[in-house]
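Reader: I work in computational chemistry and would like a close look at one part of this model. Please choose a strand, follow it outwards to its surroundings, and give me the cut-offs as you go.

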Amino acid sequence: MPAKAADAAPTGRTTLFGYGSRTPTGLRLQGPYAAVAIRTNGFTPMRDQVIEIAVVHVNARGDVEETAFASVVEPPGGEAGPTFLHGLEASDLRFAPTFADIARLLLAQLEGRIVVAHHAQFVEQFLAAEFLAAGLLAPTSPTLDLASLSRLTFATANYRLRTLAAHLDLPVTRGGVGALDEARLVAAILPVLLGRLGRELTYPVPLTAVLDFPRGAARPAPRPRPVVPDTLEPWLTHLMTRLSAGAMETNDPRVAVYLDALTDIVSRGRIVAPEAAELARLLARSGYPASAIRTILERFLESLRQAAFEDQRITTTALRHLRAVAVSVGIPTYFDDLIPPPAPPAPRPGSGTFSRPVRKPVAPQPPPRLPRCGYCLVVGHWTANCPRLRGSGGRGAIGPVGAIRPIDPI
């Protein structure tokens, strides 16, 4: 059951964060808290860097105290990575402080507090790599992983940040969401989580001691992201909050952050093939082969298809949007089984009378709500079990995706 999986602390060796859970053994702490959010130029901690970080302080009752820290960070070489992922240009990072410049100031904002982050394992991996590169041995802080504990708290199809915000009717910044916007959103969700699980949570480590770190003024927050108007219908934006979460997303923070970015771009109406290909390249750099990325994308499209079937009727406009998403992620034929058949030919003149009119053919039955193969388009099995691929050694590497073109109306 998902609740049992989320009840335990995230697996793996932890050096920077000690995760809170509902296990009976452990320390019971009551805060205060520090909501942390980061933006990176990739998904691989040992190759990519933090380029933006924000910390929002929350008191023990869950009330937001202040924005303690917010700054862009200049990575080595000034490489910003894909701008559509975080909204920052290389010019925004030029002359910004490096992580080594702000490392001690950042530790001062976390000391004596419980760290709260969405996909905290992803945040921990990057911060641990950055502190190591800066030559600092950071203490282990008690931590709440918002994504994991939300499975015990909220009845939602998935536990992405936008889905949780929509479930709680919290406002979300349109366009690119920066680290400060995400940290404030985490701080807004925290009181609900504490109200339902606060007395049951225990931590493996105590609050960090107040060390002799400098407590200078917070750096200026990055400039606000430009507001990007939604070009797709609200139906597709709402559909992203109803996609079911898969096992790979639940257990691997890299896949979770990758799908967060993908659904965020789709919700903003900016998904195009080059951006999807760049996201896939970043995930491949973190160790995922092309076949695994293809499986993740097929699972994403299948969840999109199942969520769409929950509506009573899929309109022609909605179907066009679904096909546009499939083309953008590099699997253009995935929704071909949803294309309506051509209209039957008109009856010949004089073939019917008023007493016996010509009957229209019976409309075809909609396809069943079953898994569908992304390779042969047959309903009833997944691509991994496709008979056409057995013994052929697999599909091989995914070829380059051509430029997207407008979809002809149906």
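Author: Happy to! Helices and strands here are DSSP runs, numbered from the N terminus: H or I over at least four residues for a helix, E over at least two for a strand. On that basis the protein has 14 helices and six strands. This is a predicted model, in which local features need pLDDT of at least 70 and side-chain atom pairs need 80 or more, while totals for chains, interfaces and linings use all residues. Numbering starts from 1 along each chain as its sequence is written, and side-chain values use heavy atoms, leaving out hydrogens and water.

Let me choose strand E3, which covers residues 50-58. Nine of its nine residues are buried (under 20% relative accessible area with a 1.4 Å probe, protein chains only; exposed is over 50%, partly exposed in between). E3 is therefore largely enclosed by the rest of the structure. For the protein as a whole, 49% of the 410 residues count as buried.

What encloses this strand? Start with the sheet: six strands form an open sheet with mixed pairing, in the order E1-E6-E5-E2-E3-E4. Strand E1 (17-19) and E4 are the edge strands, each pairing on one side only. From one strand to the next, the twist averages 30°.

E3 has a neighbour on each side in that order, E2 and E4. Two strands count as paired if DSSP finds at least two bridges between them. With strand E2 (residues 33-40), E3 pairs in the antiparallel sense over eight bridges, and one of the partnerships joins Tyr 33 to Val 58 of E3. With strand E4 (residues 64-72), the sense is again antiparallel, over seven bridges; here Val 56 has Thr 67 of E4 as its bridge partner. E3 and E4 form a hairpin with five residues between them, and Gly 62 in the turn has a positive phi of about 100°.

The mixed pairing shows up one strand further along. E2 and strand E5 (residues 114-117) pair in the parallel sense over three bridges, and Ala 34 has Val 115 in E5 as its bridge partner.

Two helices join the picture through contacts (heavy atoms within 4.5 Å). Helix H4 (residues 99-110) packs on the sheet and touches E2, E3, E4 and E5. Its direction makes about 25° with that of E3, where axes are lines fitted to C-alpha atoms, for helices over the stretch in contact, and angles between N-to-C directions run from 0 to 180 degrees. Helix H8 (residues 179-197) packs on the sheet as well, touching E2, E3, E4, E5 and strand E6 (141-145), and the direction of H8 makes about 35° with that of E3.

Now step back to the loop between E2 and E3, where Asp 48 is found. Is Asp 48 buried or exposed? Asp 48 is buried, at 5% relative accessible area. Its side chain reaches the backbone nitrogen of Phe 43 at 3.1 Å. A second partner is Arg 285, whose side chain is joined to that of Asp 48 by a polar contact of 3.2 Å (N or O atoms within 3.5 Å, one able to donate a hydrogen and the other to accept it; residues adjacent in sequence count only if both atoms are side-chain atoms). Leaving aside residues up to four places away in sequence, Asp 48 touches Asn 41, Gly 42, Phe 43, Phe 126 and Arg 285.

Two backbone angles around the neighbouring elements may interest you too. Phe 95, in the loop between helix H3 (90-93) and H4, has a positive phi near 70° without being a glycine. Phe 95 is exposed, with a relative accessible area of 77%. His 119 sits in the loop between E5 and helix H5 (120-133). This residue is not a glycine either, yet has a positive phi of about 55°; His 119 is buried, at 12% relative accessible area.

Finally, Ser 148 is in helix H6 (residues 146-149) and counts as buried at 14% relative accessibility. The side chains of Ser 148 and Asp 145 make a polar contact of 2.7 Å. Ser 148 and Ala 120 are 28 residues apart in sequence, with their C-alpha atoms 8.9 Å apart in space. Across the protein, 74% of contacts between residues at least 6 apart in sequence join residues at least 24 apart.
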